[in-house]
Amino acid sequence: MKSIEILRTEYLTKIKEASSDAELEEVRILAMGKKGEITLKLRQLGQMDLQQRKDIAPLLNALKNEINQAIANKREALVEEELDAQIRKEWLDITLPGRSRRIGSIHPVNQTIDQAVAIFSAMGFSYAEGPQIETDWHNFDALNMPPEHPARQEHDTFFIKPKDTDNGQPNVLRTHTSPVQIRSMTENGVPIRVIAPGRVYRCDYDQTHTPMFHQIEGLAIDTDLTMANLKWVLEEFCRAFFEIDNVELRFRASHFPFTEPSAEVDIKCSWGDGQLKIGEGNDWLEILGCGMVHPNVLNASGVDLDKYQGFAFGMGLDRIAMLKYGIPDLRAFFESDIRWLRHYGFSPVDTPALHSGLSL
Ligand code: PHE
């Protein structure tokens, strides 16, 4: 039988050397378990005579307490060590700069709409929307294109079957955003300043045309507006949008049934190596149609012709997005190729605003 002193040294050493909770538990069972060495020793007390028991019991109890205490201390130390190790392993330098993670991306057309809205709202234009499935009347008649008007043919219209044959049922996919002019004036009256971005549809398909594309309509009606105001608004818009001071615009006399006089506006650009660049070169790209709103349009919208006059414009949003970001082919805009979107898309947190600069 080992002496108390030997047991003490042996177990204190084993406890000290235990390197995990499991090992420590083994040591505890060896000493204090049902058949543990110290337990057996304590049990033997019963067989001793009184004097012997009186001598040995306090020593054995002291040993038991000491070993129990040592185990408890060691257990606590192990827990702490484990925590230390874990903290060391999971160490994180929170002073490092963040790694940006892209959560989807904003399509260049949406980015362009947001930018255009930011610029025009700073000029006092409010935002309007109209339906994409439009009535014949809003899309044509009210815009001074009665049924036999030759301009209707140029619109390559997609017709749809109305729900019933009653007049006034929507029956075309709008070919331009101009019907929103009519809706805005009839709903809100004049004076008015609105912009209306959105999808439009024409049966056409090549490098610069797709059956669905985007326009932004502008309309300003007041008592004192002239062509000069129109030119200023458009030039100011282009300067802000392209973020270039020397944007050159060319106003060409043109014809639209819903404006008189009318003009088409081209922007100076270069087309070198399949790359479209703005603010340089000798090419012109048409980006919008505009003019003074035709009296028949004002009439159809219930506006007092003696008092009010104004201008309107319709701009190709995809065109100006192509120009600004040097995107050569319009068709790619609508092919939903994720690689294209990753390349040309924008961060969802990059919200355009004039005060912070349009492009961050
Ligand atoms: N709606 C015309 C188009 O789609 C553009 C335009 C709008 C022209 C407003 C003049 C005034 O071509």
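**Close-up 1. Arg 202 reaches the ligand in this predicted model.** Welcome to the ligand site. Here a polar atom in the side chain of Arg 202 sits 2.9 Å from one of the ligand's oxygen atoms. Of the 330 Å² of accessible area that the ligand has on its own, the protein covers 92%. The ligand also takes up the space of the largest pocket.

**Close-up 2. His 176 and Ser 178 each place a side-chain atom 2.9 Å from a ligand nitrogen.** For His 176, an N or O atom of the side chain is 2.9 Å from a nitrogen atom of the ligand. For Ser 178, a polar side-chain atom is found 2.9 Å from a nitrogen atom of the ligand. Both residues belong to the closest ones around the ligand, a group that also holds Arg 202, Gln 215 and Gly 314.

**Close-up 3. A shell of 14 residues surrounds the ligand.** What kinds of residues make up the shell around the ligand? Five are nonpolar, seven are polar and two are charged. Three strands each give at least two residues to this shell: E5 (212-222), E9 (283-293) and E10 (309-316). Which strand supplies the largest share of the shell? Strand E10 does, with three residues.

**Close-up 4. Strands E6 and E7 pair in an antiparallel arrangement.** Follow E6 along residues 249-256 and E7 along residues 259-270, and you will find seven bridges joining the two strands. One pair to look for is Ala 253, whose bridge partner in E7 is Ala 263. How many residues does the hairpin use to join E6 to E7? The hairpin makes the connection through two residues.

**Close-up 5. Strand E7 includes a proline that follows a cis peptide bond.** The bond in question joins Glu 260 and Pro 261, and its omega is about -5°. Pro 261 itself lies in strand E7, the strand that runs antiparallel to E6.

**Close-up 6. A cis peptide bond leads from Val 190 to Pro 191.** The omega of this bond is near -5°. Where is Pro 191 found? Look in the loop between helix H8 (179-188) and strand E4 (192-201).

**Close-up 7. Asp 156 has a positive phi.** The phi angle of Asp 156 is near 45°, a positive value in a residue that is not glycine. To find Asp 156, go to the loop that lies between helix H7 (151-154) and strand E3 (172-173).

Terms used
Residues are numbered from 1 along each chain as its sequence is written. This is a predicted model: local features need pLDDT of at least 70, side-chain atom pairs count only at pLDDT 80 or more; totals for chains, interfaces and linings use all residues. Side-chain values use heavy atoms; hydrogens and water are left out. A residue is near a molecule or strand if one of its heavy atoms lies within 4 Å of it. A polar contact is a pair of N or O atoms within 3.5 Å; within protein, one must be able to donate a hydrogen and the other to accept it, and residues adjacent in sequence count only if both atoms are side-chain atoms. Accessible areas come from the Shrake-Rupley method with a 1.4 Å probe; for residues, only the protein chains shown count as cover. On a 1 Å grid over the protein atoms alone, a cavity is a set of points where a 1.4 Å probe fits but cannot get out, and a pocket is an open set with protein on both sides within 12 Å along at least five of seven lines; lining residues have an atom within 4 Å of a point. A molecule sits in a cavity or pocket if more than half of its atoms lie within 2 Å of its grid points. Helices (H or I, at least four residues) and strands (E, at least two) are DSSP runs, numbered from the N terminus. Ala, Val, Leu, Ile, Met, Phe, Trp, Tyr, Cys and Pro count as nonpolar, Asp, Glu, Lys and Arg as charged, and the others, Gly among them, as polar. Two strands pair if DSSP finds at least two bridges between them.
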